[in-house]
Amino acid sequence: MFEYILRLLILLPLIGGMAWGSLWLWKRVQMGVPLVGGGAKTRAVEMVDVLPLGPGSKLAVVEFAGQRILVAVSRNGITRIADDSQGDFHAD
């Protein structure tokens, strides 16, 4: 009985820590944050902001070649809604 409780006290925090760590890692990967603290890489495409609308759909402002583009992302694909050149929106 004592051995069972000892195993429980050791393994329960270990499994909880692994679950928390995997959720933390998944969130970092989804946001595109680099896992290693190296120098910042310049990318051609950058996510400026994302607004989740529901399961499987979101609005995103993407910056590419100095231009901001508003896109709708869903399970069916990606649709461009507006961009800076059209004067349709202002992302501050």
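Of the 92 residues of the protein, 10% count as buried, a value that, like the others reported here, was computed from a predicted model. The accessible surface of the protein amounts to about 8,000 Å², and carbon and sulfur atoms account for 64% of this area. The secondary structure consists of 1 helix and 4 strands, which, when read along the sequence, follow the pattern α-β-β-β-β. With regard to contacts in the protein between residues at least 6 apart in sequence, 4% were found to join residues at least 24 apart.

A search of the whole structure identified 3 salt bridges, and these are described below in the order in which they occur along the chain. In helix H1, which spans residues 2-31, the side chains of Arg 7 and Glu 3 meet in a salt bridge with an N to O distance of 2.9 Å. The two residues are separated by 4 positions in the sequence, about one turn of the helix, and both Arg 7 and Glu 3 are exposed.

A further salt bridge links the side chains of Arg 68 and Glu 63, for which the N to O distance is 3.7 Å. Because its relative accessibility is 22%, Arg 68 is classed as partly exposed, and Glu 63 is likewise classed as partly exposed because its relative accessibility is 25%. Both assignments rest on the cut-offs applied to relative accessible area, by which a residue is buried under 20%, exposed over 50% and partly exposed in between.

The remaining salt bridge is formed by Asp 83 and Arg 80, whose closest N and O atoms lie 3.3 Å apart. The side chains of Asp 83 and Arg 80 are also recorded as joined by a polar contact of 3.3 Å. Asp 83 is found in strand S4, which comprises residues 77-83. The partners in this salt bridge fall into separate classes of accessibility: Asp 83 has a relative accessible area of 9% and is therefore buried, whereas Arg 80, with a relative accessible area of 46%, is therefore partly exposed.

Taken by accessibility, the salt bridges thus involve the exposed residues Arg 7 and Glu 3, the partly exposed residues Arg 68 and Glu 63, and a pairing of buried Asp 83 with partly exposed Arg 80.

Notes:
Residues numbered from 1 in each chain as written. Predicted model: local features only at pLDDT ≥ 70, side-chain atom pairs only at ≥ 80, totals over all residues. Heavy atoms only, no water. Buried < 20%, exposed > 50% of the residue type's maximum accessible area, 1.4 Å probe, protein only. Polar contact = N/O pair within 3.5 Å; in protein donor to acceptor, adjacent residues only side chain to side chain. Contact = heavy atoms within 4.5 Å. Areas by Shrake-Rupley, 256 points an atom, 1.4 Å probe, with all protein chains shown as cover. Salt bridge = Lys/Arg side-chain N within 4 Å of Asp/Glu carboxyl O.
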